[in-house]
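The exercises below are meant to be worked through with the sequence and the 3D view side by side. Try each task before reading the solution that follows.

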Amino acid sequence: MDAQACDRRLGRLTEMMGGRPYAVNVVSLAENPFRETHLAWIKQHRPRFVWIAGGDLSPIRELLQCGIGVVYIAPDEALLKLALEAGVRYVVCEGYEPEAT
């Protein structure tokens, strides 16, 4: 979504949630053409939590400095360690199921 679509679809979340905490998900992969737009929108609207589904870990510290809790979806141990080093307190350890034989 571009910035206008984010505002149109999500801009009233704070009001709709009536003060309750909420989270938004951002795909931090370089292939996401709107990644910087989404991160700017998040910093402006300050949801209580952001879920980062893989990709670049560089926005984590900046989001944490804005007072936004980060939940990182870690697909492997190496990325889990990097996320924890970046200051993440909440993680989802994503695994995989082997194919049935």
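**Exercise 1.** Does Asp56 count as buried, partly exposed or exposed, and what is the relative accessibility behind that label?

Solution. Note before starting that the model is predicted. The relative accessibility of Asp56 is 30%. Since buried means under 20% and exposed means over 50%, Asp56 counts as partly exposed.

**Exercise 2.** Find the partner with which Asp56 forms a salt bridge, and state which parts of the chain the pair ties together.

Solution. Step one is to find the partner: Asp56 forms a salt bridge with Arg35, and the closest N and O atoms of the two are 3.3 Å apart. Step two is to place both residues, and here Asp56 belongs to the loop between β2 and α4, while Arg35 belongs to helix α3, so the pair ties together parts that are 21 residues apart in sequence. Step three is to look at the accessibility of the partner, since Arg35, at 16%, counts as buried.

**Exercise 3.** How many salt bridges does the structure hold, and where do the partners of Lys43 and Lys81 lie?

Solution. The structure holds five salt bridges. Lys43 forms one of them with Glu62, the closest N and O atoms being 2.5 Å apart. This pair links distant parts of the chain, with Lys43 in helix α3 and Glu62 in helix α4, 19 residues apart. Lys43 is partly exposed, with a relative accessible area of 24%, and Glu62 counts as partly exposed at 40%.

Turning to Lys81, its side chain meets that of Glu77 in a salt bridge at 3.3 Å, N to O. Both residues lie in helix α5 (residues 77-85), where they are four residues apart, about one turn of the helix. Lys81 is partly exposed, with a relative accessible area of 47%, whereas Glu77 counts as exposed at 55%. Salt bridges that share partners also join Arg35, Glu36 and Asp56 into one network.

**Exercise 4.** Which residues of helix α3 are buried, and why can they be said to lie on the same side of the helix?

Solution. Begin by listing the buried residues of α3 (residues 35-45), which are Arg35, His38, Leu39, Trp41 and Ile42. They cover an arc of only 160° around the axis, and therefore they lie on the same side of α3. On the other side of α3, Glu36 and Gln44 are exposed. Next, ask what the buried residues pack against: the elements are α1 (3-10), β1 (23-28), β2 (49-55) and α4 (59-65). Finally, follow the chain out of the helix, where Arg46, just after α3, takes a positive phi of about 50°.

**Exercise 5.** What is the strand order of the sheet, and which strands form its edges?

Solution. Start with the whole chain, which has five helices and four strands, running α-α-β-α-β-α-β-α-β from the N terminus on. The four strands form an open sheet in the order β1-β2-β3-β4, with parallel pairing. The edge strands are β1 and β4 (90-93), each of which pairs on one side only. From one strand to the next, the twist averages 25°. For a detailed view of one pair, take β1 and β2, which run parallel and are joined by five bridges; Val24 stands opposite Val50 in β2. Helix α3 packs on this sheet, touching β1 and β2, and its direction makes about 155° with that of β1.

**Exercise 6.** How many disulfides does a search of the whole structure find, and are Cys6 and Cys93 buried or exposed?

Solution. Recall that a disulfide is a covalent bond between the sulfur atoms of two cysteines. The search of the whole structure finds zero disulfides. Cys6 is in no disulfide, and the nearest cysteine sulfur, that of Cys66, is 16 Å away. As for accessibility, Cys6 counts as buried because its value is 3%, whereas Cys93 counts as exposed because its value is 57%.

**Exercise 7.** What percentage of the residues in the protein chain is buried?

Solution. Of the 101 residues in the protein chain, 32% are buried. To complete the picture, the C-alpha atoms fill a box of roughly 50 × 30 × 25 Å, taken along the principal axes.

Methods: Residues numbered from 1 in each chain as written. Predicted model: local features only at pLDDT ≥ 70, side-chain atom pairs only at ≥ 80, totals over all residues. Heavy atoms only, no water. Disulfide = S-S within 2.5 Å. Buried < 20%, exposed > 50% of the residue type's maximum accessible area, 1.4 Å probe, protein only. Helix = DSSP H or I, 4+ residues; strand = E, 2+ residues; numbered from the N terminus. Arc of directions from axis to C-beta. Contact = heavy atoms within 4.5 Å. Salt bridge = Lys/Arg side-chain N within 4 Å of Asp/Glu carboxyl O. Pairing = 2+ DSSP bridges. Axes fitted to C-alpha atoms, helices over the stretch in contact; angles between N-to-C directions.
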